[in-house]
Amino acid sequence: MVALSKTAHDLGFLKSEFKEVEFELYSCDQLQFINCIVCWFGSSEEMVASWKAIQSIVSVKFKPEAKFSRWNIYLVMLCPDRLEVREKYVIENDRYAARKVVLDNQGEHPTIEMVEKLINVELLGA
């Protein structure tokens, strides 16, 4: 079964610009056709203020080597509180640099296992 799992990858280019946001890369080991950068925000306000700058940096600095994975980049953005519906719509419907998924109202910071489960359901339906 195809599944996304946490991958060791240097995302220092994002971490250096956004010190309050945590970043992890999840990818599919078997096929290497999908890459998912998960961003943990402290609040929905922080997400709204940062998402455009994050996608701009990703568009320039994140270049997966596998041929098809360049076209299958996702930014999954998590925050503990609820995001306004209009803001969520704007973010998720912006296709520049990556597809975006907003998982708001998550409460406390999810574990790596919980994030894997969330993104596998959201992106792969598994």
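Glu 45 is exposed, because its relative accessible area of 55% is over the 50% mark. In this predicted model, Glu 45 belongs to helix H2. From the C-alpha of Glu 45 to that of Met 114 the distance is 23 Å, and the two residues are 69 residues apart in sequence.

Now try another pair with that kind of spacing along the chain. Trp 40 and His 109 are also 69 residues apart, yet their C-alpha atoms are separated by 7.7 Å. We'll come back to Trp 40 in a moment.

**The overall picture**

What does the chain build? The secondary structure comes to four helices and five strands. Going along the sequence, they follow the pattern β-α-β-β-α-β-α-β-α. The C-alpha trace spans about 35 × 30 × 25 Å along its principal axes. For 126 residues, a compact globule would be expected to have a radius of gyration near 14 Å, and this protein has 14 Å, so the two agree.

Of the 126 residues, 43% count as buried. As for contacts with a separation of 6 or more, 64% of them come from residues 24 or more positions apart. The accessible surface adds up to about 7200 Å², and carbon and sulfur atoms hold 52% of it.

**How the strands line up**

Let's start with E1, residues 5-7. It runs antiparallel to E2, residues 22-27, and three bridges join them. E2 in turn is joined to E3, residues 35-40, by six bridges, again antiparallel. On the other hand, E3 and E4 pair in the parallel sense, over six bridges.

Which residues face each other across these pairings? Here are some of them, one per row.

| Residue | Stands opposite or bridges to |
|---|---|
| Lys 6 | Tyr 26 in E2 |
| Phe 23 | Cys 39 in E3 |
| Tyr 26 | Cys 36 in E3 |
| Ile 37 | Leu 75 in E4 |

Tyr 26 turns up twice in the table: Lys 6 stands opposite it, and Tyr 26 also stands opposite Cys 36 in E3.

**E3, covered on both faces**

Is E3 buried or exposed? Six of its six residues are buried, so E3 is largely enclosed by the rest of the structure. In a regular strand, side chains alternate between the two faces of the sheet. With E3, both faces are covered: Asn 35, Ile 37 and Cys 39 are buried on one side, and Cys 36, Val 38 and Trp 40 are buried on the other.

Trp 40, a residue of E3, is worth a visit of its own. Its relative accessible area is 6%, and it counts as buried because that is under 20%. What does Trp 40 touch, leaving aside residues up to four places away in sequence? Its contacts include Glu 20, Val 21, Glu 22, Phe 23, Glu 24 and Tyr 26, and also Leu 78, His 109, Pro 110 and Val 115. His 109 in that list is the residue whose C-alpha is 7.7 Å from that of Trp 40.

**Helix H2, with a bend**

Back to H2, the home of Glu 45. This helix covers residues 44-61, and at 1.5 Å a residue its 18 residues should span 26 Å; the end C-alpha atoms are 25 Å apart, which agrees. Where does H2 bend? The bend is at Ser 50, by about 45 degrees.

Ser 50 is also one of the buried residues of H2, along with others including Met 47, Trp 51, Ile 54, Ile 57 and Val 58. What do the buried residues of H2 pack against? Their neighbours are helix H1 (12-15), E2, E3, strand E4 (73-78), helix H3 (85-92) and strand E5 (99-103).

**Two loop residues with positive phi**

Most residues other than glycine have a negative phi. Two residues here go the other way. Ala 97 is not a glycine, but it has a positive phi of about 70 degrees. You'll find Ala 97 in the loop between H3 and E5, where it counts as partly exposed at 29% relative accessibility.

Asn 105 also has a positive phi, near 60 degrees, and is a residue other than glycine. It sits in the loop between E5 and helix H4 (112-124). With 41% relative accessibility, Asn 105 counts as partly exposed.

Notes
Residues are numbered from 1 along each chain as its sequence is written. This is a predicted model: local features need pLDDT of at least 70, side-chain atom pairs count only at pLDDT 80 or more; totals for chains, interfaces and linings use all residues. Side-chain values use heavy atoms; hydrogens and water are left out. Two strands pair if DSSP finds at least two bridges between them. The expected span of a helix is 1.5 Å times one less than its number of residues. The bend at a residue is the angle between axes fitted to the seven residues ending there and the seven starting there. Buried means under 20% relative accessible area, exposed over 50%, partly exposed in between (1.4 Å probe, protein chains only). Contact means heavy atoms within 4.5 Å. The radius of gyration is taken over C-alpha atoms; the globule rule is 2.2 Å times the number of residues to the power 0.38. Accessible areas come from the Shrake-Rupley method with a 1.4 Å probe; for residues, only the protein chains shown count as cover.
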